[in-house]
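Work through the exercises below with the model open. Try each task before you read its solution.

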Amino acid sequence: VYSKRYFLYTLSNPVLPEAARERMLADMATYTEAQRKTSMEGAWTIPGNSVYAFDPQSMIRPLPDTYNTGWPHVEGSDPAYSSSHGITIAAQDPDTGLWYIMLSQYIENPKLPSILYQKIHDLTKYYNIIRRISDANPGFVGGAYDTFKWTYQVPYDKNNRRDEMIAKVQSSLGTTVFICPHCTDLIDEFSTYSWSETVPGKIVNSDSYHCLDSTRYLIDCLPNFKSPSKTKTWQEELREGNEKRKKIEAV
């Protein structure tokens with residue numbers, strides 16, 4: 001209600017000669033779709049070595065006005081005691097089944113497991129957490145159960161499924177999973193997560209992206225959506241009751 005955004009397309013320029021248009025299109029014949037969008041539509045530039053094709057316009061969305069802490073929530077953790085622990089929390093709209101990542105941040109240098117568990121508790125205690133997901137860290141998972149009786153689900157065969165999990169995150173973002181705009185740490189990590197230019201298949205500084213890793217584990221293990229049961233009208237209930245009565249009398 002406060003602003004309106006306009007997109008100025010390159011080829012819409014009325015003073016651009018037809019020969020120049022044809023030359024521009026010919027020059028872009030070998031461009032990727034992302035490069036064409038950047039050049040012609042002013043879309044955000046996606047580096048060629050980026051792991052994720054991150055599109056802020058489709059993947060970032062605020063929580064609906066109907067949100068409340070009673071919605072189903074899922075926590076994802078990338079454990080770390082001596083450095084930075086990454087934690088991500090997503091909430092599911094019970095009417096649509098869409099997920100909203102509404103918290104993604106670091107717990108800096110907790111040092112002791114007991115301190116880490118307490119900080120996680122403080123961050124999650126107000127939400128209806130239906131599932132907790134973590135990297136395969138036996139010490140963290142076992143300690144969490146001993147301390148708060150939390151049961152963490154671990155992604156299956158994480159080390160051998162890295163590319164599959166990355167693909168799942170890519171296909172989920174902007175369709176079934178959205179990132180809230182205030183999760184700036186996570187948004188920055190999606191924008192800078194990149195493949196090595198010298199070592200095939202290697203991600204640069206992959207051990208430093210704890211928010212992104214916790215998000216990857218979370219999306220891999222999200223529970224299936226159960227659509228809410230529809231409330232029947234009194235006419236529908238009468239009709240069903242009458243059908244049941246006829247079946248009973250026909251026996």
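The exercises go from the whole chain to the sheet, then to single residues.

This is a predicted model, in which local features need pLDDT of at least 70, side-chain atom pairs count only at pLDDT 80 or more, and totals for chains, interfaces and linings use all residues. Residues are numbered from 1 along each chain as its sequence is written, and side-chain values use heavy atoms, with hydrogens and water left out.

**Exercise 1. The whole chain**

Task: Describe the secondary structure of the protein chain and judge its radius of gyration against the globule rule.

Solution:
- Start with the elements. The protein chain has nine helices and six strands. Helices (H or I, at least four residues) and strands (E, at least two) are DSSP runs, numbered from the N terminus.
- Next, take the radius of gyration. It is 24 Å for the protein chain, well over the 18 Å from the globule rule for 251 residues, so the chain is more spread out than a compact globule. The radius is taken over C-alpha atoms, and the rule is 2.2 Å times the number of residues to the power 0.38.
- Add the extents. The C-alpha trace spans about 80 × 60 × 40 Å along its principal axes.
- Finish with burial. Of the 251 residues, 36% are buried. Buried means under 20% relative accessible area, exposed over 50%, and partly exposed in between (1.4 Å probe, protein chains only).

**Exercise 2. The sheet**

Task: Give the strand order of the sheet and name its edge strands.

Solution:
- Apply the pairing rule: two strands pair if DSSP finds at least two bridges between them.
- Read off the order. Six strands form an open sheet, β5-β4-β1-β2-β3-β6, with mixed pairing.
- Find the edges. β5 and β6 (177–179) each pair on one side only.
- Check the parallel pairs. β1 (residues 72–78) and β4 (residues 128–134) run parallel, joined by six bridges. β4 and β5 also run parallel, with two bridges.
- Check the antiparallel pairs. β1 and β2 share six bridges. β2 and β3 share nine.
- Look at the links. Five residues lie between β1 and β2 in their hairpin. The hairpin of β2 and β3 has six residues between the strands, and Gly 97 there takes a positive phi near 85 degrees.

**Exercise 3. Bridge partners**

Task: Trace the bridges from Glu 75 across β4 to β5.

Solution:
- Step from Glu 75 to its bridge partner in β4, Arg 132.
- Then cross to β5, where Tyr 152 stands opposite Arg 132.
- Compare the neighbouring pair: Val 74 has Arg 131 as its bridge partner in β4.
- On the β2 side, Gly 76 stands opposite Thr 88.

**Exercise 4. Strand β2**

Task: Is strand β2 buried or exposed?

Solution:
- Count the residues. Nine of the nine in β2 (residues 84–92) are buried, so the strand is largely enclosed by the rest of the structure.
- Split them by face. One side holds Ser 84, Gly 86, Thr 88, Ala 90 and Gln 92, and the other His 85, Ile 87, Ile 89 and Ala 91; all are buried.
- Pick one pairing: His 85 has Ile 107 in β3 as its bridge partner.

**Exercise 5. Positive phi**

Task: Where in the chain are Asn 109 and Asp 157, and what is the phi of each?

Solution:
- Recall the background. Most residues other than glycine have a negative phi.
- Take Asn 109. Its phi is positive, about 45 degrees. It lies in the loop between β3 (99–108) and α4 (113–124). Asn 109 is partly exposed, at 36% relative accessible area.
- Take Asp 157. Its phi is also positive, about 45 degrees. The loop here runs between β5 (152–153) and α6 (162–172). Asp 157 is partly exposed, at 35%.
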